[in-house]
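Biologist: I have a model open and would like to learn to read its contacts, cores and charged pairs. Can we go through them one at a time?

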Amino acid sequence: MTETTSPHAPKAYASIIEATELPRIIHVTGNLYAAAFSLMKLLPARFIVDRAERAGLLTPGTPVIETSSGTFALGLAMVCAQRGYPLTIVGDPAIDRDLRNRLEMLGTKVVIVHDEGQAGGIQGARLARVAELRREHPDSFVPGQYDNPDNPGAYAAVGDLVAQSLGALDCLVGPVGSGGSTCGIATSLRRGDHDPRLIGVDTHGSVIFGAPEGHRVLRGLGSSIVPGNVEHAAYDEVHWVAPGEAFHATRELYRRHGLFMGPTSGASFQVASWWARHHPAEKVLMVLPDEGYRYQSTVYDDSWLRAQGIVAAPGDRGPRLVDEPADAGRTWSRVLWDRRGRATAVAPAVAS
């Protein structure tokens with residue numbers, strides 16, 4: 001019997017990082033596509049470390065100190081474990097037991113801080129602790145995901161992948177935390193002959209786009225600080241979504257399309273699917289940042305939702321169009337951002 005080898009047989013990847021850092025480009029339905037990551041923050045973590053090594057900022061044994069309570073911590077822990085850098089992550093109680101266990105198994109030291117009324121809320125408190133640790137260890141390296149331009153720079157590879165897979169794109173939708181993924185992918189796509197619309201997905205209580213600061217149940221997007229990597233003038237539209245709607249959308253993404261993803265992906269799907277339905281002639285791509293395994297005992301668990309007093313319900317009425325970020329309220333809302341700088345967009349609300 002003659003054996004044949006496919007000319008497109010997959011290669012053996014050098015590491016799990018190389019194998020999983022880029023997304024799968026998936027046709028979801030109609031005019032809606034997904035860039036589905038296993039762990040999106042693995043890409044900027046690896047890219048930042050690569051650049052720091054080339055610049056001589058990281059040499060064997062250099063301590064790495066960073067703040068994160070989510071997937072950037074995990075991505076950085078994987079990279080540092082592979083390359084032998086001792087890592088300290090400054091996080092907050094949003095680091096659940098399972099995530100902390102995974103970090104510590106990779107050799108990461110986890111430092112938990114609490115919001116005690118400092119400027120910038122919990123993220124301000126975390127950054128202050130990073131600064132303290134940096135003073136104690138002046139030979140350390142801080143990746144600085146919120147302000148390091150290598151964070152959005154890492155996503156040029158995703159932009160290239162999207163362009164090769166889908167050609168011209170009309171609309172990109174993605175959650176906004178550090179600003180790296182949405183700004184990085186949009187910048188890459190806009191370098192060509194096309195100029196896709198960029199829709200950022202935020203949540204109530206986040207100050208990134210000028211809405212009032214408050215408690216955020218929906219974590220992984222939004223912020224109590226304004227990251228330097230959020231290029232506000234890149235966005236055409238901004239949506240604020242509520243936890244119950246986003247959690248419902250997360251479950252629907254799995255039930256209807258088999259994509260088992262986390263709640264930031266659900267928020268992205270909520271907005272992108274609405275936009276795609278209302279603009280059937282446009283090719284729409286949504287960014288799905290991580291898989292759902294970390295959330296099986298929370299977002300996917302009815303008893304947890306009941307304990308939190310959250311009803312996972314669809315946002316059937318769609319977003320409410322508001323004139324200013326201050327009017328976003330607590331339900332699904334959107335503002336026509338029109339590629340304005342933050343100061344210009346929020347100035348009317350400040351003046352009032």
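Biologist: Which residues does Asp202 touch, leaving out those up to four places away in sequence?

Modeller: Contact means heavy atoms within 4.5 Å. By that rule Asp202 touches Val176, Ile208, Phe209, Leu221, Gly222, His239, Trp240 and Val241. Asp202 itself sits in strand β7, residues 197-203. Helices (H or I, at least four residues) and strands (E, at least two) are DSSP runs, numbered from the N terminus. This is a predicted model, where local features need pLDDT of at least 70, side-chain atom pairs count only at pLDDT 80 or more, and totals for chains, interfaces and linings use all residues. Residues are numbered from 1 along each chain as its sequence is written, and side-chain values use heavy atoms, with hydrogens and water left out.

Biologist: What is the nearest side chain of opposite charge to Asp202?

Modeller: Side chains of opposite charge can pair when their charged atoms come close. Lys and Arg count as positive, Asp and Glu as negative; His and the chain ends are not counted. A salt bridge needs a side-chain nitrogen of Lys or Arg within 4 Å of a carboxyl oxygen of Asp or Glu. For Asp202 the nearest candidate is Arg216, 6.8 Å away. Asp202 is buried and has no salt bridge. Buried means under 20% relative accessible area, exposed over 50%, partly exposed in between (1.4 Å probe, protein chains only). The side chain of Asp202 does make a polar contact with that of Ser206, at 2.9 Å. Such a contact is a pair of N or O atoms within 3.5 Å; within protein, one must be able to donate a hydrogen and the other to accept it, and residues adjacent in sequence count only if both atoms are side-chain atoms.

Biologist: Which residues have the most contacts inside the largest nonpolar core?

Modeller: A nonpolar core is a set of buried Ala, Val, Leu, Ile, Met, Phe, Trp, Tyr and Cys residues joined through side-chain atoms within 4.5 Å. The largest has 35 residues, and Leu172, Phe209, Tyr235, Leu285 and Trp337 have the most contacts inside it. Helix α8 gives the most to this core, with four residues. Trp337 touches Phe209 and Tyr235, among others.

Biologist: How many salt bridges does the whole structure hold?

Modeller: The search finds 20. Take Arg83 and Glu53, which meet at 2.9 Å, N to O. Arg83 lies in helix α3 (residues 71-83) and Glu53 in helix α2, so this pair ties together parts 30 residues apart in sequence. Both belong to a salt-bridge network with Glu21, Arg46 and Asp50.

Biologist: And which residue pairs with Arg339 at 2.8 Å?

Modeller: Asp236 does, by the closest N and O atoms. Asp236 is in the loop between β7 and β8, Arg339 in the loop between β11 and α12, 103 residues apart. Arg339 also forms a salt bridge with Asp195, at 3.2 Å, N to O. Asp236 counts as buried because its relative accessibility is 12%. Asp195 is partly exposed, at 48%.

Biologist: Why do Cys171 and Cys183 not form a bond?

Modeller: A disulfide is a pair of cysteine sulfur atoms within 2.5 Å. The sulfur of Cys171 is 14 Å from the closest cysteine sulfur, in Cys183, so the gap is too far for a bond. The whole structure has zero disulfides. Cys171 is buried, at 0% relative accessibility. Cys183 is buried too, at 4%.
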